[in-house]
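Student: I have a model open at the bench. Please take me closely through one part of it, the nonpolar core, and then set it in context.

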Amino acid sequence: MLELLWLIPLLPLVGAALNGLLARAPKPVTTAIGLGAPLASLVIALGCLWEFVTRLHPAGQAFRQVLYPWTAGDLNIDVAFRLDELSAVMLFVVTFVGFLIHVYSVGYMSHEHGYRRYFCYLNLFMAAMLMLVLGDNFLMMFVGWEGVGLCSYLLIGFYYDQAFPPFAGKKAFIVNRVGDFAFLVGMFALIERFGTLSYDGIFPVVEADPGLVTGPYVLGLTFAGFVTLCFFIGAMGKSAQIPLYVWLPDAMAGPTPVSALIHAATMVTAGVYMVVRSNVLFQLAPGVSALVAAVGAATALFAATIGLAQTDIKKVLAYSTVSQLGYMFMAAGLGAYTAAVFHLGTHAFFKALLFLGSGSVIHAMSGEQDMRSMGGLKKYLPVTFWTFVIGTVAIAGIPPFAGFFSKDEILHAAAADGKWLLWAVGLLTAGITAFYMFRLVFMTFFGKFRGTHEQQHHLHESPPSMTIPLIVLAIGSVLAGFVNVPELLGGNEALHHFLDPVYAQPRGAEAAHHEMSHGVEWALVALAVAVALAGIFLAWTIYGKKGLEGGRTWAQRFPAAHRLLANKYYVDELYDRTIVRPLAALSRFFWKVVDTFVIDGAVNAGAFLTELTGDLGRFTTTGNVRNYALYFFLGVVLLFWWIAL
Amino acid sequence: MVPVSWYLLLSALLFAIGTAGALTRRNGISVFLSIELMLNAANLSLVAFARQFDEHTGQVIVFFVMAVAAAEAAVGLALFIAVYRQRRTIDINRINLMRW
């Protein structure tokens, strides 16, 4: 089965090509291609994973499949796929969640124009994402990285006939370029030093001789520091961390299943995957790792507070995603790579579930996204409601749901490392997360319906193609946490042991975590749960009992804070003033002055001179043969004179 | 023996007369005659030099020039007849259609 690995990214690519080319295919054919390709990928992926886990993993091997070598000058890079413990986890998440979202899309997009275009893009995304996680070197990862960025752009701007979505698509693409540039620079540095980009050509070499990368390089950084900093800037763009997170909330302009697949479960976690993949380098760059943790924690708290005051159901989830990604980077920065991957996996389940649930709500509300017009949907959308609650409980971190285990693992990593500030930020964020998620639930599903009569008339539970993925994801959100139950709770940290081969061997000091007594650990777990419950209770007292009124009271009590949060800290405005407008002014300068005046001026001056010469010169062309004879004679005289001289 | 410089002087004189005629005459046939004069002035100096250096190439070239001049006269006269039939004149000041 493993030798079919190359088919996993290829099949969705073929699906995208078919759906892109068969312009006149009837809708069922489009659906069959659009669903069949990811299903086939999923089946092959499960087969490969089974063989990998049962045969190669116990032997401590990774599977490599070289398709063909690619050469550019002295640089030889294999176009090759790799299945190791880390890509196995990612492969499962991407194919499984991806397929479910494809199924959901059949129901969600059934009334939309561009059904075929949608599935074409979505399959293309799957191909790129699978290439990203299965690539055997950084170049393959980068090709997938750019591919998912392209699909993200295409799908955010899917409703191209409206004003905002194309703008949001462009914003996402341009902000990501900043990060991609840094990623490229990091790869160039690796090529310069190692002459290769393959994981096997870099990481084992570095592990055997860390001195290779710990010497000073540029800008006062070590080589490892420089490369990891570049990579982290790349990850900031793709995974929406401060200061490059601004594109993700706007990306909600795309169809909701796209938000679930690309902007919650898979693409935005590519940065986390990249950091964990490069953990050998990150471990040798403690300064950059600390920066990763700090940026992650700051993003987690910052985005969570913005989520408190949003009224658009998808915006809340978007900021929640940014916040949860911050958690993952905090874990990665702390060296708790398993916790990062674990949270990545559980988050993929419950956030995809929440987004799909919100899509089901929006579908029922005929496109309305403002929670102030919702309310009381519990009795109209029972399946959506119950699955949504499961997702919410999971993200809030209530045991034994998935989010509890993964979030607790991250908090534990911070505490065990003695980074109490990061721990406190994480804990506070957990409380805020629980609050704004339950605020969302209470505003949407409880109380009285606040929309129009027409909307109320149309309220209906979504078709099975949408509710079945919800149910499957809800089951996943309940169970996913059990793959890595900590020893404290009687588990054996299965995921951690599974992923062990992809980590650098612990080196002395880094390995020596502060050992905490079980009593302290229990206290920390209890505290985390208590904070989450407090957040839920607060949401209940404000939004559960009094509905919108409760929220309004609090907004009036702290008008400045509410304005600040509702306007997202004015970060978009800040960027607009400091970057967008100066850039636009500079562009206008180059347009109006440099292009129109200097360049066009020079060209026009040349044309004018040519015309002037012609205008003057044509008077010599009299048509009179004797004049020509005279010119000829004078010319000959001049020629002889010149020769004689 | 007559020195070669005399031939050259005569040749230069004929060439100058021919040039002046070609540039000043308005009758097309006269311009033609002037050009023939210039060609033969050149022929004269060629023959003179051929004699001076006892070299036959110069004489051969003169035959070529004569042949070309004859052909040219035939073509040129045909052209002037054609022009005259169209415009009832061969005054080259009035044949000036090719102008700005």
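Tutor: Here is the core, followed by its surroundings. This is a predicted model, where local features need pLDDT of at least 70, side-chain atom pairs count only at pLDDT 80 or more, and totals for chains, interfaces and linings use all residues. Residues are numbered from 1 along each chain as its sequence is written, while chains are lettered from A and ligands numbered from 1 in the order in which they are written.

The largest nonpolar core has 208 residues. Such a core is a set of buried Ala, Val, Leu, Ile, Met, Phe, Trp, Tyr and Cys residues joined through C-beta atoms within 7 Å. Buried means that 20 or more other C-beta atoms lie within 10 Å of the residue's own, with C-beta atoms placed from the backbone. A:Ala331, A:Ala340 and A:Ala352 have the most contacts inside this core.

Take A:Ala352. Setting aside neighbours within four places in sequence, its contacts are A:Val97, A:Ile101, A:Ala260, A:Ala264, A:Ala265 and A:Leu473. A contact means C-beta atoms, placed from the backbone, within 7 Å.

Now the confidence. Chain A averages a pLDDT (the predictor's confidence in each residue, from 0 to 100) of 90, and 98% of the residues score at least 70. Residues 507-512 of chain A fall below 50. Beyond near neighbours in sequence, that stretch has three contacts in the model. Where pLDDT is low, the predicted coordinates should not be read in detail.

Last, the partner chain. 10 residues of chain A contact 11 residues of chain B.

Key
Contact = placed C-beta atoms within 7 Å. Buried ≥ 20, exposed ≤ 12 C-beta atoms within 10 Å, placed from the backbone.
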